[in-house]
Amino acid sequence: MDRVVCVDPGTGLPLTEAQFDARTVAAVLRLRKRGVREGDAVLICLPTGTDLLVAANAVIALGAVAMPLAYPPSPEAVRGAAARVMISDRPELAEESRVRVVVGPQELAG
């Protein structure tokens, strides 16, 4: 039986180990395609849940630096960060910041 890693507080749906591993691998591949490399700082601006868990794990698996911000993040926090990549469901936060690549949780999922 596949163990449950977490239950998404928004949907109530469980995320099993196999699902977590598959989603992480898919997210790593998509982040690589978007140019994320080892050592890059990546802002993660997502609500608590399975998307946040998968995004952070994928960033770390790439050897990049996960920089989670409290949700919802303030535009000032995003502007003050020295990251060129952001994973977020709020792409407008990247305006007037150093962020050049915004990846949504749907894009990470496939």
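**Salt bridges and cysteines in a predicted model**

User: To start with one pair of residues, in which helix do R79 and E76 lie, and how many residues apart are they?

Analyst: Both R79 and E76 belong to helix 3 (residues 75-80), where they are three residues apart, which is about one turn of the helix. Please keep in mind throughout that this is a predicted model.

User: How should I read such a pair, and how far apart are the closest N and O atoms of R79 and E76?

Analyst: The general idea is that side chains of opposite charge can pair when their charged atoms come close. In this structure, the closest N and O atoms of R79 and E76 are 3.4 Å apart, and the two residues form a salt bridge, because the rule asks for a side-chain nitrogen of Lys or Arg within 4 Å of a carboxyl oxygen of Asp or Glu.

User: Are these two partners buried or exposed?

Analyst: R79, at 34% relative accessibility, counts as partly exposed, whereas E76, at 51%, counts as exposed because the cut-off for that class is over 50%.

User: How many salt bridges does the rule give, and which residue pairs with D51?

Analyst: The count comes to six salt bridges. One of them joins the side chains of D51 and R23, with an N to O distance of 2.6 Å. This pair links distant parts of the chain, since D51 sits in helix 2 (residues 50-61) and R23 in helix 1 (residues 17-33), 28 residues apart. D51 is partly exposed, with a relative accessible area of 31%, and R23 is also partly exposed, with a value of 24%.

User: Which residue forms a salt bridge with E92?

Analyst: The partner of E92 is R90, and their closest N and O atoms lie 2.9 Å apart. E92 counts as partly exposed at 39% relative accessibility, and R90 falls in that class as well, at 26%.

User: Turning to the cysteines, how many disulfides does the structure hold?

Analyst: The structure holds zero disulfides. C6 is in no disulfide, and the nearest cysteine sulfur, that of C45, is 19 Å away; the pair therefore does not meet the cut-off, which requires sulfur atoms within 2.5 Å. For C45, likewise in no disulfide, the nearest cysteine sulfur is that of C6.

User: What are the relative accessible areas of C6 and C45?

Analyst: C6 has a relative accessible area of 21% and is partly exposed, while C45, with a relative accessible area of 0%, is buried because that class covers values under 20%.

How values were computed
Residues numbered from 1 in each chain as written. Predicted model: local features only at pLDDT ≥ 70, side-chain atom pairs only at ≥ 80, totals over all residues. Heavy atoms only, no water. Helix = DSSP H or I, 4+ residues; strand = E, 2+ residues; numbered from the N terminus. Buried < 20%, exposed > 50% of the residue type's maximum accessible area, 1.4 Å probe, protein only.
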